[in-house]
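Biologist: Please take me through one part of this model in close detail. Pick a sheet and stay with its strands and whatever packs on them.

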Amino acid sequence: MIRKNNKIVAYILAGAIAFMSLSSETYATTLPSAGAAVTIDTEAIETVADNKAEETTAEEGKTGEKVEIQLSAGEACVDPIVASVQSDENGEVVNYTSAVDLQAEIEEYKEKEEFSNLVIAKCNDYVNVRKEADEEAEVLGKLYNESVGEFISESNGWYEIKSGNVTGFVKAEYVVTGDDAVALAKEVGRRIATVDTETLFVRQDPTTESDVVGMAAGEDKLTVKEEEGLDGWVKVSIEEGEGYVSTDYVELSTEFVKAESKEEEEARLAKEEAERKQANAAAAASGGKASGGSSYSSSGGGAGSAVANFACQFVGNPYVYGGSSLTNGTDCSGFVMSVYANFGVGLPHSSGALRGCGYDVGGLGNAQPGDIVCYSGHVGIYIGGGQIVHASTAATGIKISNAGYRDVLSVRRIF
């Protein structure tokens, strides 16, 4: 039995549950009835502590409170998050709803809250976003297949949406919403951990005492492979394999493709054409020549093949984390950056940032020599025949690999 005169300190969870866009009163109504166990995640608990929320007393019927309860034997309550506290006629606390058993229900609720307002294109190529709910109305942009927007309103078989920089109407028959969108969002969205420190160790196990698998640079976007039940860690994929990083040093998000406005499409096409001309001129002037004796070469012709052939000449040279020397040592993004620099193209020294350069060609099946193949925390240069050349690891250096040896996030074309 838990007695009321033992230490009972409660904190209102208004700040914590604000992350679900709910007031504490609204949140209480969404929880199971008294007697069921309810949990609130660690992040929510820490939010309350950080905000130093108002201290109050646990009373019968109170919900959504953080309560620190000492058992009669002096043993601390394992999980102090409760949904309600019940007292008997003598004022003794006889029951409280624990915070352990219904984590799945809470997570499912949060997931629905996050994704239920989405509108996701389900079409062959793209659906036009129009200024008005009319097939003759002006086209403002394109919502490509499996791209995502936010629902605003519905009118006669049309949805008004906002996606990226585009706000307009799409025909309802070419998109999914509601529960269908929640389900599809899990497939088309990519869970990403963005590194927000200069260098982050990726460890073999979810503990700081574990061996280091590899390192990730600041702003690298790592694909999350697992995050449930890891107590402040997430499992991610890097070039050296899969490992764990602390959530203290990454920002977690779900990444969706958004609509492209008419102006953005025109600007992209003009930029691509200008870069293509610049790179072709640079390739013709340099001839893609470099010192080195590698016998590797790419398939195909044109400026892209010149880039790929140039890159292949450095196979066998060392990998150095943070480096950008094609002869003395480079990492993966430094390799791509330095290869393209030879052709007059400036690119960032970041695998995450390279995913935003050039334009997406629509997957590995459309790749051409010279394209940049992007992976979780890694990049390489496509050379044709289903292969890439890349600065892999310290153990292997610059080498040629099968392009599909890992999940491909994007294939970018510079020219």
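Modeller: Val 373 stands opposite Val 411 of strand 29. This is a predicted model. The two valines belong to a pairing of strand 25, residues 372-375, with strand 29, residues 410-413. Three bridges join these strands, and the sense is antiparallel.

Now widen the view. Strands 25 and 29 sit in an open sheet of six strands. The order across the sheet is 24-29-25-26-27-28, with antiparallel pairing. Strand 24 (359-360) lies at one edge and strand 28 (397-402) is the other edge strand. Each of these two pairs on one side only.

Next, the helices. Helix 7, residues 303-312, packs on the sheet. It touches strand 26 (378-384), strand 27 (387-393) and strand 28. The direction of helix 7 makes about 115° with that of strand 26. Helix 8 spans residues 332-341. It lies across strand 25, strand 26, strand 27 and strand 28. Against strand 26, helix 8 runs at about 50°.

A general point on the pairing: strands of a sheet pair through backbone hydrogen bonds, either parallel or antiparallel. In this sheet, the pairing is antiparallel.

To recap the path: the Val 373 and Val 411 pair lies in the pairing of strand 25 with strand 29. Strand 25 also lies under the reach of helix 8, which crosses it along with strands 26, 27 and 28. Edge strand 28 is touched by helix 7.

Key
Residues are numbered from 1 along each chain as its sequence is written. This is a predicted model: local features need pLDDT of at least 70, side-chain atom pairs count only at pLDDT 80 or more; totals for chains, interfaces and linings use all residues. Side-chain values use heavy atoms; hydrogens and water are left out. Two strands pair if DSSP finds at least two bridges between them. Helices (H or I, at least four residues) and strands (E, at least two) are DSSP runs, numbered from the N terminus. Contact means heavy atoms within 4.5 Å. Axes are lines fitted to C-alpha atoms, for helices over the stretch in contact, and angles run from 0 to 180 degrees between N-to-C directions.
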